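Can you take a few minutes to walk me through this protein? I'd like an informal tour that a first-year student can follow.

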Amino acid sequence: MTEFHGVKATEVFEPKKAVQQSNTLPVYFGTAPINLADNPAAAVNSVVLVANFDDFKRKLGYSDNWKSYTLCEAAYAHFVDSEQGPVAFVNVLDTTDVEVTAPAAAVIADGMHTINKKGVLKDSVTVADSTKTYALGKDFALTFNDAGELVISIVSGGTIPVGTSSLQVGYKTLKPSVVNAARIIGGSDSQSGTRTGMELIEDVFSETSFVPDLILAPGHSDNPVVAAVMVAKAQSINGLFEAHAITDLDASQKYIDVVQWKEENGYTSHLQTNTYPMATYKGRVYHMSTLVATAMVATDQRNEGFPFQTPSNQPIVADGLVYADGTPVRIPFDQANVLNENGIVTAVRWTGEFKAWGNRTGAYPEYKDAQRTFIPVRRMMSHIKNQLVLRHWQRVDNPLNLRLIESIADDSNVWLNGLVGSGYLLGGRVEFRESDNPTDQLGNGKMVYRIFITPPSVAQAIEFIFAYDTSYLAALTAA
C-alpha cells in the first residue's frame, strides 16, 4: 500500500433502504361520535390513523351505538376483539350535522345537571338565567360521564349564585341520520381541492405513509352506488396503488335470493370481496365485511404482511349469523358453498367456532382464472404492484444508464426470489425487453419492465377416493 503523507477527508453514506410496508392497512369510511373526541373539528373528513382503542376514543370518540356510529364497530372489532393496528378511519359526520335544543329549564342538584342525551357538542352548550349568560370554564365546567352524557358542573367561585336550583340550558346534538350514500362517497372541490368522503383515499398515503390495502364502509357498502365507488377507488389510488374493496351484500335478502341480488346490483369486480350476511357476538351485531377484514389482517400478519393466504377457514369473532333485522339465520353447509361458487364470502360453524368461508372475488363465476377470482391471488398481484412502486421510487430521476436498468431488474429479481423461497410465490421474475424499450422511448426517460409472478392458488377442494380392497382379506388366512 502506498504510504499516505498529508491531510485527507473521507465520507461514508449509509445505503438508502428500499421502502417496504409489512402491515395490511384497512381504511374505513363512516360516522363517529366526534363530540366525544378531544378535537371534534379535526375528526371531520380527514384521514385519522389510529393505533389502538384508547387512541380511537381520543381522536374520534366511541359509542356502543354502532348503527348510528358505524366506525365504532370497526374499531371494536380490530382493537378490542382482535388486538390489531394501525387502522385508518374517515369520519364524514360534521359538527354542523346537528339537532338544536333551545334553552330550557334544567334542574341543578348538588351543583350539577346531566343532559340526558347522547351526541351533545360541548362548544354548543349555553347556560344562563334570567339575568345573564354564564361562561364556560369560569362559571361552569363540562365533562362526559361513562354513558357519553354531558354533565354540567357549577364552578366554585364563579358568578352562578350559590344554591341555584335551575338554569336555562341549550345545546346541539349530533344527527348521524343525515349521513347518506352521497356523504360517504364525497367529492373534491375544484377550487380549493378539498376532499371529502371516499375521495380522501387519495390522502391516505401522503398523510400516513401507509399504502391503503383494504377499503370498507360497513353500514353503507350494501348500497350498490357506494360499492361501485369503492371498487373504482380500489383500481387506482394516487395513480400508483391498487387496493381491495370488502363490501357487504344486502343482509335483508334471504340466502336463497342474495346471489341474484349480487349479480343484478353489479357486485362483480375482481377487486372486490363480497360478504354476507351479518353476525353476532356476545350481544353485539357486526357486518360481515368487518369480520372478514379482521380475518384478512390477522392472516396477513402471520405471513409478514403478504396476503398470500385466504381468509377462508380462518376464525372470526362470531357466535351466530343474522339477517339485517336481527333474525337468526342458519345457512346450511351446501348452501354456503352455493354462495361461494357465486363470489360471496359467508361464515360457517365448524367444530364449535365460526369461520369465514369463501375464496372467490366478486368476478366469479363470470371469470374463472385464478388471477381474477381467488382472493389471495388477486390481493398478492396488487401487493406486488404496490411494493415495486415503493421499492423503486427512490430511483426515479436517476440517470437512465445501463447501471440503473440492471440494478432495478437485479434488485427486483432478488426480492422475488426471496418471496419464492419463503413460499409466498411459486415463481417470479423481472425482464427488461428491447421490444418494450425502443430508443426514442428511452431517450424520453421511460423504462418498461415485464413482471411475471405466480402466487399460490387455494387448496379449495380436497377429495379422498375410497375403494374396497379384497387383497387385505388374505390376512385372515395368512396365519
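## A walk through the model

The residues lining the largest cavity split into 2 nonpolar, 7 polar and 4 charged. Keep in mind as we go that this is a predicted model. Let's stay with that cavity for a moment. Searching the whole structure turns up 1 cavity of 30 Å³ or more, and the volume of the largest cavity comes to about 100 Å³. Its lining is made of 13 residues, and D213, P307, R379, S382 and H383 are the ones that lie nearest the centre. If you want a good place to start looking, go to the helix α10: it supplies the largest share of this lining, with 4 residues.

Now for the largest pocket, where you'll meet that helix again. This pocket has a volume of about 750 Å³. A set of 27 residues lines it, and L388, H392, I408, M447 and Y449 sit closest to its centre. Three elements, α10, α11 and β21 (450-454), each give two or more residues to the lining. Which element gives the most? That's α10, with 7 residues. So much for where the lining comes from; what about its make-up? Sorted by class, the pocket lining has 16 nonpolar, 6 polar and 5 charged residues.

Next, have a look at some strands. Strand β4, covering residues 98-107, is joined to strand β9, residues 166-174, by 8 bridges, and the two run antiparallel. To see one of these pairings for yourself, find V100: its bridge partner in β9 is K172. Strand β9 also pairs with β6 (residues 126-128), again antiparallel, through 3 bridges. Here you can pick out T126, whose bridge partner in β9 is G170.

Time for some backbone oddities. As a rule of thumb, most peptide bonds are trans, and most residues other than glycine have a negative phi. With that in mind, which two residues does the cis peptide bond with an omega of about 0 degrees join? The answer is G85 and P86. You'll find P86 in the loop between α2 (70-81) and β3 (87-91). Another cis peptide bond links Y276 to P277, this time with an omega of about -10 degrees. P277 has its place in the loop between β14 (272-275) and β15 (278-281).

Follow the chain on from β15 and you come to the loop between β15 and β16 (284-287), which is where K282 is found. K282 isn't a glycine, yet it has a positive phi of about 50 degrees. Is K282 buried or exposed? It counts as exposed, because its relative accessibility is 66% and the cut-off for exposed is over 50%.

D397 makes a nice companion to K282. It isn't a glycine either, but it has a positive phi of about 75 degrees. This residue lies in the loop between α10 (375-392) and α11 (402-421), two helices you already know from the lining of the largest pocket. D397 counts as exposed too, because its relative accessibility is 76%.

If you'd like one thread to hold the tour together, try α10. It gives the most residues to the lining of the largest pocket, it makes up the largest share of the lining of the largest cavity, and the loop that holds D397 runs between it and α11.

Terms used
Residues are numbered from 1 along each chain as its sequence is written. This is a predicted model: local features need pLDDT of at least 70, side-chain atom pairs count only at pLDDT 80 or more; totals for chains, interfaces and linings use all residues. Side-chain values use heavy atoms; hydrogens and water are left out. Buried means under 20% relative accessible area, exposed over 50%, partly exposed in between (1.4 Å probe, protein chains only). On a 1 Å grid over the protein atoms alone, a cavity is a set of points where a 1.4 Å probe fits but cannot get out, and a pocket is an open set with protein on both sides within 12 Å along at least five of seven lines; lining residues have an atom within 4 Å of a point. Grid points are joined across faces, edges and corners, and a volume is the space filled by probe spheres set on the points. Ala, Val, Leu, Ile, Met, Phe, Trp, Tyr, Cys and Pro count as nonpolar, Asp, Glu, Lys and Arg as charged, and the others, Gly among them, as polar. Two strands pair if DSSP finds at least two bridges between them.
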